[in-house]
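Here are some short exercises to work through with the structure open beside you. Try each task before you read its solution.

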Amino acid sequence: MISDSGPGRRIDLHAHSTASDGTLSPAELVRAAADAGLDVVAITDHDTTAGWAPALAALPAGLSLVRGAELSCRWFGADPPVPLHLLAYLFDPDHPELVAELARVRTAREERGERIVDLLRADGIDVDWAEILTAAAGGTVGRPHIAQALIRAGLVGTTSEAFGPDWLGERYRLPKEDIEVFHAVRLVRAAGGVPVFAHPRASRRGRVVPDELIAQLAAAGLAGLEVDHEDHSAEERAHVRALAADLGLLVTGSSDFHGTHKTVRLGAFTTAPDVYERLVAEAGGVTGIASG
Ligand code: AMP
Ligand code: FE
Ligand code: FE
Ligand code: ZN
């Protein structure tokens with residue numbers, strides 16, 4: 001049931017909590033979403049659904065929660081393979097194969113995080129893996145947690161600086177064991193969910209995939225492209241919007257809020273209500289929208 005009908009709704013379909021690399025707990029996230037004047041917010045932590053229950057339990061009146069995740073994926077059609085992010089909405093969180101893949105990726109992230117810390121320590125940089133894990137407090141571990149350790153050690157001033165080429169952006173960057181992207185799209189659909197390619201042209205994050213791949217993903221079941229995102233330039237947005245129109249894909253916009261790990265605010269970019277309705281209509285999962 002969707003009780004939040006109306007033309008002026010503000011819909012943000014991408015936000016992180018402490019269940020991954022955000023800084024607000026799931027409960028704080030939904031309260032902040034209501035305070036920001038949102039009508040709909042999606043919780044999309046990296047490779048986990050652990051934030052769903054606490055977000056739902058704290059859902060303020062009038063706010064709808066779209067339950068989702070951001071899956072770490074990889075395209076093996078280039079050498080080296082290209083990492084990319086797939087937003088998955090309204091899927092069955094108990095789908096056995098999806099559950100197993102997410103668990104595998106989270107474990108691989110921990111191994112990779114520890115190896116990054118080993119590389120840093122081998123260069124005499126005093127960061128401690130146990131301390132990083134403690135600070136992540138059970139959430140999906142990522143480079144932002146290592147960035148915080150570099151900040152605590154006084155080696156860099158900001159998260160953006162920690163993602164520069166001398167640090168986690170290049171010199172101390174290691175690949176993750178991600179989900180093959182076609183497999184991920186099919187798995188999300190099999191679990192009744194709706195897959196949307198997150199920030200597909202964000203060239204400032206690293207290499208981007210060719211349009212031809214996006215066309216192939218659309219044929220494999222991709223539902224939409226995240227167009228309006230802070231990591232896309234005006235030209236990149238225009239390009240992705242035109243590509244979505246060509247391929248008949250939904251166009252979303254979202255903040256990709258990470259609390260104080262990034263500067264972007266909840267609701268900084270939003271998705272049109274009619275697109276949101278179509279996205280919900282495509283979902284066949286056992287979990288729907290919860291309306292506070
Ligand atoms: P990981 O998932 O461990 O590879 O780390 C990627 C995460 O780091 C992304 O989900 C963002 O939250 C964050 N991130 C990536 N690039 C940057 C950047 N340039 N500045 C700040 N945070 C970033
Ligand atoms: Fe993140
Ligand atoms: Fe992402
Ligand atoms: Zn994200």
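**Exercise 1.** In which loop does D47 lie?

*Solution.* Keep in mind that this is a predicted model. Step one: find D47 in the loop between β2 (40–46) and α2 (52–57). Step two: check its backbone, where phi is near 55 degrees, a positive value in a residue other than glycine. Step three: set that against the general trend, in which most residues other than glycine have a negative phi.

**Exercise 2.** Locate the cis peptide bond that involves P80, and place P80 in the fold.

*Solution.* Start with the bond: D79 and P80 are joined in cis, with omega at about -5 degrees. Then place the proline: P80 belongs to the loop between β3 (64–75) and β4 (82–89). As a reminder, most peptide bonds are trans.

**Exercise 3.** Describe the surroundings of ligand 1, from its polar contacts out to its shell.

*Solution.* First, list the neighbours: 14 residues surround ligand 1, and H46, R109, R112, R143 and H258 come nearest.

Second, look for polar contacts, using a cut-off of 3.5 Å between N or O atoms. The side chain of R112 places an N or O atom 2.7 Å from an oxygen atom of the ligand. R143 uses a backbone N or O atom, also 2.7 Å from a ligand oxygen. For H258, a polar side-chain atom is 2.8 Å from an oxygen atom of ligand 1.

Third, consider burial: on its own ligand 1 has 500 Å² of accessible area, and the protein covers 84% of it. The space that the ligand takes is the largest pocket.

Fourth, assign the shell to elements: α3 (96–122), α5 (143–152) and α6 (159–162) each give two or more residues. By class, the shell has six charged, six polar and two nonpolar residues.

**Exercise 4.** Which residue meets R171 in a salt bridge, and what parts of the chain does the pair link?

*Solution.* The whole structure has 14 salt bridges. In one of them, R171 meets D123 at 3.2 Å, N to O. Now trace the chain: R171 is in the loop between α6 and β5 (179–180), while D123 is in the loop between α3 and α4 (129–136). The pair therefore links distant parts of the chain, 48 residues apart.

Notes: Residues are numbered from 1 along each chain as its sequence is written. Chains are lettered from A and ligands numbered from 1 in the order in which they are written. This is a predicted model: local features need pLDDT of at least 70, side-chain atom pairs count only at pLDDT 80 or more; totals for chains, interfaces and linings use all residues. Side-chain values use heavy atoms; hydrogens and water are left out. A polar contact is a pair of N or O atoms within 3.5 Å; within protein, one must be able to donate a hydrogen and the other to accept it, and residues adjacent in sequence count only if both atoms are side-chain atoms. Accessible areas come from the Shrake-Rupley method with a 1.4 Å probe; for residues, only the protein chains shown count as cover. On a 1 Å grid over the protein atoms alone, a cavity is a set of points where a 1.4 Å probe fits but cannot get out, and a pocket is an open set with protein on both sides within 12 Å along at least five of seven lines; lining residues have an atom within 4 Å of a point. A molecule sits in a cavity or pocket if more than half of its atoms lie within 2 Å of its grid points. Helices (H or I, at least four residues) and strands (E, at least two) are DSSP runs, numbered from the N terminus. Ala, Val, Leu, Ile, Met, Phe, Trp, Tyr, Cys and Pro count as nonpolar, Asp, Glu, Lys and Arg as charged, and the others, Gly among them, as polar. A salt bridge is a side-chain nitrogen of Lys or Arg within 4 Å of a carboxyl oxygen of Asp or Glu.
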